[in-house]
Amino acid sequence: MIHSKRHGEILRLLGEQGTVTITELADRLGVSPETVRRDVKPLTDDGVVVKMHGAIGLPSMTGEAPFERRMRENAEAKKAIAHMVAATIRDGESIMLDTGTTTSFLARELLGHRRLTVVTNSSDVARTLATVNDNKVYMAGGELRSDSGAAFGISAIEFVSNFSVTHAIISTGGVDASVGVMDHDLAEAEFARMVLSRGQRSVVVTDHTKFGRLGLVRVCGLDGISELATDRPPPADIVEALAVSGTRLAVADLPASPASS
């Protein structure tokens with residue numbers, strides 16, 4: 001593949017996914033990571049793409065993309081994470097979920113559970129789990145976002161503060177070794193911080209593309225969560241920071257591809 005064609009393929013993949021890791025690009029293009037880095041350099045110099053920790057992204061996609069588009073991004077990884085976390089939740093337990101694509105996938109994985117008590121600000125999560133299997137679902141009120149249908153603001157935070165649950169689970173916009181868990185929106189970060197404080201177990205669910213990505217607002221340090229659930233082992237600095245914080249790392253098994261089965 002000649003140089004210009006690789007540039008076109010890189011931009012095509014970014015258009016589909018928003019962000020792509022250097023390792024994934026190397027695999028897809030059949031070249032070494034160093035070759036990818038050389039190819040990417042003129043694109044970053046020109047401002048066409050944005051460089052992140054071990055990945056690149058389109059400038060328009062470095063923040064949160066619209067909810068439906070984000071549901072399509074890395075869907076298999078998010079499903080695997082959701083399947084793994086759902087297996088740790090038992091019938092009859094209580095769970096608090098914020099709004100996010102991975103938490104929405106988790107809600108779908110919980111459809112096989114019974115008698116759950118669910119507290120959420122996500123209308124998608126509420127619709128998925130309400131009225132089935134003798135579940136009780138409590139939906140926070142407040143300002144509903146147009147892209148996700150989730151409630152935010154003081155009333156939503158005050159509502160969920162009344163509950164104490166077994167599992168408090170949030171999604172995130174970024175995970176950094178030194179900063180911790182981050183989000184791209186102040187209201188979402190404030191709500192996520194409250195969710196984490198209400199659980200006996202506090203879990204961040206996120207796919208590997210969020211590693212090393214800095215959001216606008218800090219939710220908490222890595223010592224503020226009991227577990228990080230993801231689809232690939234994080235970079236060494238994050239693994240070390242998790243160990244220092246006493247935070248458990250759980251990595252989901254992705255389904256084997258047809259070529260490798």
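**Parallel strand pairing and aromatic contacts**

Strand β14 and strand β15 (residues 248-251) pair in the parallel sense, with 4 bridges between them. The model described here is a predicted one. Within this pairing, L228 finds its bridge partner in L249 of β15. The connection from β14 to β15 passes through helix α10 (residues 236-245), giving a β-α-β crossover that is right-handed.

A second partner of β14 is strand β12 (residues 199-205); these two strands also run parallel and are joined by 3 bridges. Here V203 has E227 of β14 as its bridge partner. Strand β14, which spans residues 227-230, is covered on both faces. On one side E227 and A229 are buried, and on the other L228 and T230 are buried as well.

Turning to the aromatic side chains, the count comes to 3 aromatic pairs. In one of them, F152 and F191 have ring centres 6.2 Å apart and planes at 85 degrees; being over the 60-degree cut-off, the pair is therefore edge-to-face. Because F152 belongs to strand β8 (residues 151-152) and F191 to helix α9 (residues 186-197), this contact ties together parts that are 39 residues apart in sequence. Both rings belong to buried residues: F152 has a relative accessibility of 4%, and F191 has a relative accessible area of 1%.

Another pair is formed by F159 and F163, with ring centres 5.4 Å apart and planes at 55 degrees, so this pair is tilted. F159 is partly exposed, at a relative accessible area of 27%. Together with Y138, F159 and F163 make up one aromatic cluster.

Key:
Residues are numbered from 1 along each chain as its sequence is written. This is a predicted model: local features need pLDDT of at least 70, side-chain atom pairs count only at pLDDT 80 or more; totals for chains, interfaces and linings use all residues. Side-chain values use heavy atoms; hydrogens and water are left out. Rings of Phe, Tyr and Trp (its six-membered ring) pair if their centres lie within 6.5 Å; planes under 30 degrees apart count as stacked, over 60 as edge-to-face and the rest as tilted. Buried means under 20% relative accessible area, exposed over 50%, partly exposed in between (1.4 Å probe, protein chains only). Two strands pair if DSSP finds at least two bridges between them. A crossover is right-handed if, with the strands pointing away from the viewer, the path from the first strand over the helix to the second runs clockwise.
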